[in-house]
Structures are given as structure tokens and as C-alpha cells.
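Trainee: I have a model open and would like to go through it with you. Can we start with the strands and work outwards?

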Amino acid sequence: MGFEKFGRKSFTGITKTAKFVDFLEEGKVNGTVCKKCGAKYFPPRADCAACFSNEMDWFEMPKKGKLETYTIAYYAPFGFEADCPYTMGVAEFEGGLKLFARLSKDLKPEDINVGMDVSVKPVKYEDGQMSFEIVRA
Ligand SMILES: [Zn+2]
């Protein structure tokens with residue numbers, strides 16, 4: 001339990017990777033790494049898709065990434081309407097890890113460029129929900 005605090009809107013409270021939310025509250029954005037074969041996952045997975053092991057450990061996401069693409073949402077799905085407009089993007093981090101997340105509200109559309117250096121950090125919304133967002137590196 002504990003995962004119900006994750007996301008702008010939470011759709012589940014039950015997952016084997018609920019510790020992810022504890023890490024966010026500690027200021028860390030963590031993925032999981034397989035103890036057997038070393039495969040890394042973000043978002044975190046409880047089981048390895050490469051070797052099917054369930055012996056996973058946590059690692060902190062690399063600090064530097066590059067923005068691969070982004071889009072601005074002017075219409076949102078149910079539950080997210082009040083946040084519009086907001087920007088979402090895909091960033092690639094070292095080791096080939098890709099992360100899909102919202103971009104920080106601090107980043108104005110005219111300041112966002114494909115290829116720019118970015119990082120990822122936890123964010124706590126006004127209602128106490130936790131998530132992570134892409135920020136300028
Ligand atoms: Zn593995």
C-alpha cells in the first residue's frame with residue numbers, strides 16, 4: 001500500500017513497487033534494477049522482463065538526460081482538466097532509459113527545445129499527491 005499517493009490522479013493503491021512513492025517523498029526518483037542480469041527499468045518493475053527474476057533492487061535515476069520530444073495538452077482526460085494547458089515529454093537518460101513525464105510548469109513553451117539538457121525531480125501537488133517531472137538540467 002502507499003501507492004495511492006502517486007500521480008496527479010491515482011488509479012491503484014496496490015503494487016509491489018509502492019516504495020517508489022516513499023523515495024519520491026525523500027526527493028529521489030528511483031527505478032528498479034535486476035540483481036541477476038542488471039536490466040534497468042523506469043517506471044520501476046517488480047519483475048525482470050529480460051530474465052524473469054523477481055530479485056530487484058532500486059537505483060536512482062541519472063541526473064542528466066536529453067529531451068527527445070514533447071507536446072502541449074490543451075484538452076485533458078477526466079480528472080486532469082484543471083491542469084490544462086500542460087506539457088508532457090519524453091527524455092532519454094544515460095543507459096538508454098526513457099522517461100515519459102510532465103514538464104515543469106516553470107518551463108515556458110518558448111524555452112522548451114528538443115535536445116535540451118533535462119533532469120527529473122519529484123513533485124508534490126497541492127493535494128498531497130506525489131509524482132515526478134522533467135526539469136531543465
Ligand atoms: Zn533480469
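Mentor: β5 and β6 pair in the antiparallel sense over five bridges. Strands here are DSSP E runs of at least two residues and helices are H or I runs of at least four, numbered from the N terminus; two strands count as paired if DSSP finds at least two bridges between them. This is a predicted model, in which local features need pLDDT of at least 70 and side-chain atom pairs count only at pLDDT 80 or more, while totals for chains, interfaces and linings use all residues. Residues are numbered from 1 along each chain as its sequence is written.

Trainee: Which residue in β6 is the bridge partner of M88?

Mentor: R102. M88 also stands opposite T71 of β4.

Trainee: And how many bridges do β4 and β5 have?

Mentor: Eight, again in the antiparallel sense.

Trainee: What sits between β5 and β6 in the hairpin?

Mentor: Four residues lie between the strands, and G95 takes a positive phi near 85 degrees in this hairpin.

Trainee: What do the strands around there close into?

Mentor: A barrel of five strands, in the order β4-β5-β6-β8-β7, with mixed pairing. Its neighbouring strands are turned by 45 degrees against each other on average, direction ignored. For such angles, axes are lines fitted to C-alpha atoms, for helices over the stretch in contact, and the angles run from 0 to 180 degrees between N-to-C directions.

Trainee: How do β7 and β8 run?

Mentor: They are antiparallel and joined by seven bridges. K121, for example, has E133 in β8 as its bridge partner.

Trainee: V123 caught my eye. Which strand is V123 in?

Mentor: V123 is in β7. Leaving aside neighbours within four places in sequence, V123 is in contact with S131, F132 and E133; contact means that C-beta atoms, placed from the backbone, lie within 7 Å.

Trainee: Buried or exposed, V123?

Mentor: Neither: V123 counts as partly exposed because 18 other C-beta atoms lie within 10 Å. A residue is buried with 20 or more other C-beta atoms within 10 Å of its own, exposed with 12 or fewer, and partly exposed in between, with C-beta atoms placed from the backbone.

Trainee: How far apart are V123 and T71 in space?

Mentor: 20 Å, C-alpha to C-alpha, with their positions 52 residues apart in sequence.

Trainee: Switching to the core. How many residues does the largest nonpolar core have?

Mentor: The largest nonpolar core has 21 residues, and those with the most contacts inside it are V21, L24, A91, L99, V120 and I134. The elements giving two or more residues to this core are α1 (19–25), β4 (65–73), β5 (86–93), β6 (98–103), β7 (117–124) and β8 (130–136). A nonpolar core is a set of buried Ala, Val, Leu, Ile, Met, Phe, Trp, Tyr and Cys residues joined through C-beta atoms within 7 Å.

Trainee: What does L99 touch?

Mentor: F42, A91, F93 and V120, not counting residues up to four places away in sequence.

Trainee: There is another sheet too. What is its strand order?

Mentor: β2-β1-β3, an open sheet of three strands with antiparallel pairing. β2 (40–41) and β3 (56–60) are the edge strands, each pairing on one side only. Two bridges join β1 (residues 30–34) to β2, and T32 stands opposite Y41 in β2.

Trainee: Now the odd backbone. Where are the cis bonds?

Mentor: One joins F42 and P43, with omega about 0 degrees; P43 lies in the loop between β2 and β3. Another runs from C84 to P85, with omega near -10 degrees, and P85 is in the loop between β4 and β5. Most residues other than glycine have a negative phi, and most peptide bonds are trans.

Trainee: What about F52, what is its phi?

Mentor: Positive, about 70 degrees, although F52 is not a glycine. F52 is in the loop between β2 and β3, and F52 counts as exposed because it has 10 C-beta neighbours inside 10 Å.

Trainee: Last topic, confidence. What does pLDDT average over the chain?

Mentor: The average is 91, and 95% of the residues score at least 70; pLDDT is the predictor's confidence in each residue, from 0 to 100. Among the elements, α1 has the lowest mean pLDDT (92) and β4 the highest (97).

Key. Contact = placed C-beta atoms within 7 Å.
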